[in-house]
Protein chains: 2
Amino acid sequence: MEKLWIKNLRDIEPYVPGEQSGEKDIVKINANENPYPPSPKAVEAIRNFNAQLLRFYPNANATPLKQAIADYYNVDIKNVFLGNGSDDVIAIAFQALFNSDLPIVYPDLTYSFYPVWCSLFGIPYKNYPVDENFRINVEDYREKNGGVIIPNPNAPTSLGEGREFVEKLMEYNRDSIVVIDEAYVDFGGFSSVELTKKYENLLVTGTFSKSRSLAGLRIGFAIGSEKLISVLEAVKNSYNSYTIDSVSIEAGRASILDDEYFRETCDKIIRTRARVTDDMRALGFKVLDSQTNFIFATKDDMSMKDMFEYLKTKKVFIRYFSVPRIENYVRITIGTDEEMNVFLNELKEYVK
Amino acid sequence: MEKLWIKNLRDIEPYVPGEQSGEKDIVKINANENPYPPSPKAVEAIRNFNAQLLRFYPNANATPLKQAIADYYNVDIKNVFLGNGSDDVIAIAFQALFNSDLPIVYPDLTYSFYPVWCSLFGIPYKNYPVDENFRINVEDYREKNGGVIIPNPNAPTSLGEGREFVEKLMEYNRDSIVVIDEAYVDFGGFSSVELTKKYENLLVTGTFSKSRSLAGLRIGFAIGSEKLISVLEAVKNSYNSYTIDSVSIEAGRASILDDEYFRETCDKIIRTRARVTDDMRALGFKVLDSQTNFIFATKDDMSMKDMFEYLKTKKVFIRYFSVPRIENYVRITIGTDEEMNVFLNELKEYVK
């Protein structure tokens with residue numbers, strides 16, 4: 001006999017997070033993690049953290065970190081929202097800002113969590129296909145909608161859009177809330193943070209997991225008008241008052257304050273990216289013009305799935321998506337120069 | 001003209017977290033925080049944490065911490081769920097397990113977040129008043145319902161129920177999912193963890209914030225049948241795959257492994273509680289028999305609100321709730337013996 005309480009369980013497809021290999025001696029360029037360690041100042045903040053304070057709840061507003069972010073982006077602290085990684089931030093944005101009967105809209109090729117959140121929160125959605133060059137056509141976004149979310153630069157395509165695109169998007173969406181997910185912006189993309197001062201209905205989200213090498217600490221943020229931020233805070237405080245722990249507050253703050261290290265590591269990744277792009281193109285690959293810490297590539301006469309499997313046997317882990325339209329593409333995170341040399345050598349072997 | 005996008009904002013009452021004073025030289029016995037630092041092993045785990053690893057995402061299953069909890073409670077790792085504090089765990093349990101058209105039920109005097117989550121997730125609810133001695137009447141819970149949540153011991157009443165109560169509750173609720181919130185259980189309450197093996201529809205939640213002095217790190221957990229845990233995991237992974245950061249995984253694990261320190265500090269708090277209870281009763285207070293790290297007390301001929309305000313002027317911060325039925329009670333967290341001496345001396349002065 002089926003137990004009656006079973007019917008009260010949420011019927012939901014389990015989302016399986018990407019595989020993480022614990023193996024050593026591998027080149028792990030499959031999760032868009034930063035190959036360089038976090039700022040030494042952040043490391044020091046953890047080492048010197050006064051653990052006696054852990055018996056207290058964290059600062060509920062995470063003020064020290066929030067203020068550092070506000071200062072860095074030249075906005076008021078009331079324009080900053082913080083969450084447990086940018087997944088938490090965007091999930092809260094979905095709940096707080098997308099409450100229309102009309103579908104929210106976003107590109108067909110994009111972050112795979114968007115439809116998962118729509119399903120979890122019962123939000124209708126609609127996709128506009130990116131064009132044959134994987135570019136987002138801003139004209140699609142003129143149609144009446146319940147909200148817009150666009151990653152800029154986009155993943156996994158690595159392509160970014162500039163000010164003109166964003167201004168048009170905002171012009172077409174005066175009646176909607178627009179969220180721009182800038183997880184990868186620090187690697188050469190155009191940031192819309194400044195435009196949040198012009199458009200009260202624009203929210204920009206960011207993360208410490210990529211450019212700041214702090215994926216392990218779970219820090220995400222959003223910047224927008226006081227109006228939008230206050231609703232995010234209301235939803236967050238109805239869920240969990242203390243999402244950012246005390247160690248993350250201190251280490252995150254130290255990272256923001258060390259701008260020199262931040263710029264240096266971003267620049268290093270951008271330089272490595274340029275070199276890998278050139279080398280792969282020389283090998284006959286089509287490599288999109290990346291504004292992120294990864295590249296998106298294909299080779300017309302070659303199965304990318306086979307190549308991905310081959311590289312795995314050589315302990316080089318890149319990412320392959322078995323997704324329509326991009327089933328012959330791979331996503332390669334930019335690692336250190338040494339890691340990319342191993343990758344390129346294995347690639348040359350394979351292509352030969 | 002009202003902007004049209006405003007109507008898409010979630011209409012939600014902002015929940016204001018309890019005030020935290022940054023002041024020094026105060027006796028802060030108002031937030032049920034532990035007066036003793038976390039285990040030295042946990043402190044060491046943070047100091048020795050290899051911050052170079054922070055560039056990687058945390059272990060998505062938080063396996064090292066989950067396994068330590070499983071071993072500690074003598075269950076399988078598949079019976080353990082982890083979240084960003086027990087607020088996150090319980091909020092996910094509400095979404096995952098309370099999907100009936102019938103109201104979920106819980107006592108009228110209890111954790112103030114339950115109705116907030118019901119409102120956030122649109123879950124109907126109904127309260128059964130605790131009796132004149134603030135005890136939960138298990139017979140109330142025979143009525144058909146959409147789920148049950150009971151904190152045991154309860155807050156702010158400090159009262160706990162034993163095995164007989166829980167067995168009856170489970171017998172009356174064969175068709176419902178029952179969640180028992182054991183945030184305070186380590187200070188002398190009866191734990192239902194063992195009963196999760198007998199009842200597949202029983203979930204027990206716990207936290208590292210009270211007895212383990214790790215409120216600053218945000219670690220909560222749940223223990224239950226594989227069936228229940230798998231649905232919690234599905235909801236959690238649809239929201240945010242990486243809620244427990246890498247530092248918390250290590251420090252939490254170290255705390256669990258240091259059982260001697262854990263028992264020592266819990267025992268110290270229990271001893272101090274007994275003494276404070278006796279001293280307050282000698283002063284004419286009615287003090288409930290606490291199984292928690294706080295006491296709930298009143299004095300018939302005295303305004304507890306005035307007393308609370310007076311103590312504040314003396315830099316002793318206790319908790320007063322302006323809530324019907326308990327508007328002449330105060331909640332006092334058990335601090336160190338020194339802190340409680342300061343409190344008791346000020347109390348004697350005031351009562352005189």
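When I speak of laying one copy on another, I mean that the copies are superposed by least squares on the C-alpha atoms of residues with pLDDT of at least 70 in both. With that in hand, and bearing in mind throughout that this is a predicted model, let me begin with how the two chains are arranged.

Chain B can be laid on chain A by a turn of 180° with a shift of 0.0 Å along the axis, and the RMSD of that superposition is 0.0 Å. The two copies are thus related as by a two-fold rotation axis. If you look for the C-alpha of chain B that lies nearest this axis, you will find that of Arg47(B), at 2.4 Å from it. The copies also use the same surface, in that 100% of the contact residues of chain B recur in chain A.

Let me turn now to one helix of chain B, namely H8, which covers residues 259-282. H8(B) has 24 residues, and from its first C-alpha to its last it reaches 35 Å, which is close to the 34 Å expected at 1.5 Å a residue. Which of its residues are buried? They are Tyr261(B), Phe262(B), Thr265(B), Cys266(B), Ile269(B), Thr272(B), Arg273(B), Val276(B), Thr277(B) and Met280(B). As a general point, an α-helix has 3.6 residues a turn, so residues three or four places apart point the same way. The buried residues of H8(B) pack against several elements of chain B, among them helix H1 (40-47), helix H2 (63-73) and helix H10 (337-351), and also strands S9 (286-287), S10 (294-298) and S13 (330-333). After the helix comes Gly284(B), whose phi is positive, near 100°.

Since some of you will ask about cysteines, I should say that Cys266(B) counts as buried because its relative accessibility is 4%, under the 20% cut-off, and that Cys266(A), at 5%, counts as buried too. A search of the whole structure, over all chains, finds zero disulfides.

The strands I mentioned belong to an open sheet of four strands in chain B, ordered S9-S10-S13-S12, with antiparallel pairing. S9 and strand S12 (319-320) stand at the edges, each with a single partner strand, so one side of each is left without a neighbour in the sheet. Further in, S10(B) and S13(B) pair in the antiparallel sense over four bridges, and Phe294(B) stands opposite Thr333(B) in S13(B).

Finally, the aromatic rings, of which a search over all chains finds 47 pairs. In chain A, Tyr57(A) and Tyr242(A) form a tilted pair, with 5.0 Å from centre to centre and 35° between the planes. Tyr57(A) lies in the loop between helix H1 (40-47) and helix H2 (63-73), and Tyr242(A) in the loop between helix H6 (226-239) and helix H7 (246-257), so the pair ties together parts of chain A that are 185 residues apart in sequence. Tyr57(A) is buried, with a relative accessible area of 16%, and Tyr242(A) likewise counts as buried, at 11% relative accessibility.

In chain B, Phe94(B) and Trp117(B) form an edge-to-face pair, 5.6 Å centre to centre and with 65° between the planes. This pair links helix H3 (residues 85-97), which holds Phe94(B), with helix H4 (residues 113-121), which holds Trp117(B), the two residues being 23 residues apart. Both Phe94(B) and Trp117(B) are buried. In chain A, ring pairs link a cluster that includes Phe94(A), Phe98(A), Tyr106(A) and Trp117(A).

Technical notes: Residues are numbered from 1 along each chain as its sequence is written. Chains are lettered from A and ligands numbered from 1 in the order in which they are written. This is a predicted model: local features need pLDDT of at least 70, side-chain atom pairs count only at pLDDT 80 or more; totals for chains, interfaces and linings use all residues. Side-chain values use heavy atoms; hydrogens and water are left out. A disulfide is a pair of cysteine sulfur atoms within 2.5 Å. Buried means under 20% relative accessible area, exposed over 50%, partly exposed in between (1.4 Å probe, protein chains only). Contact means heavy atoms within 4.5 Å. The expected span of a helix is 1.5 Å times one less than its number of residues. Two strands pair if DSSP finds at least two bridges between them. Rings of Phe, Tyr and Trp (its six-membered ring) pair if their centres lie within 6.5 Å; planes under 30 degrees apart count as stacked, over 60 as edge-to-face and the rest as tilted.
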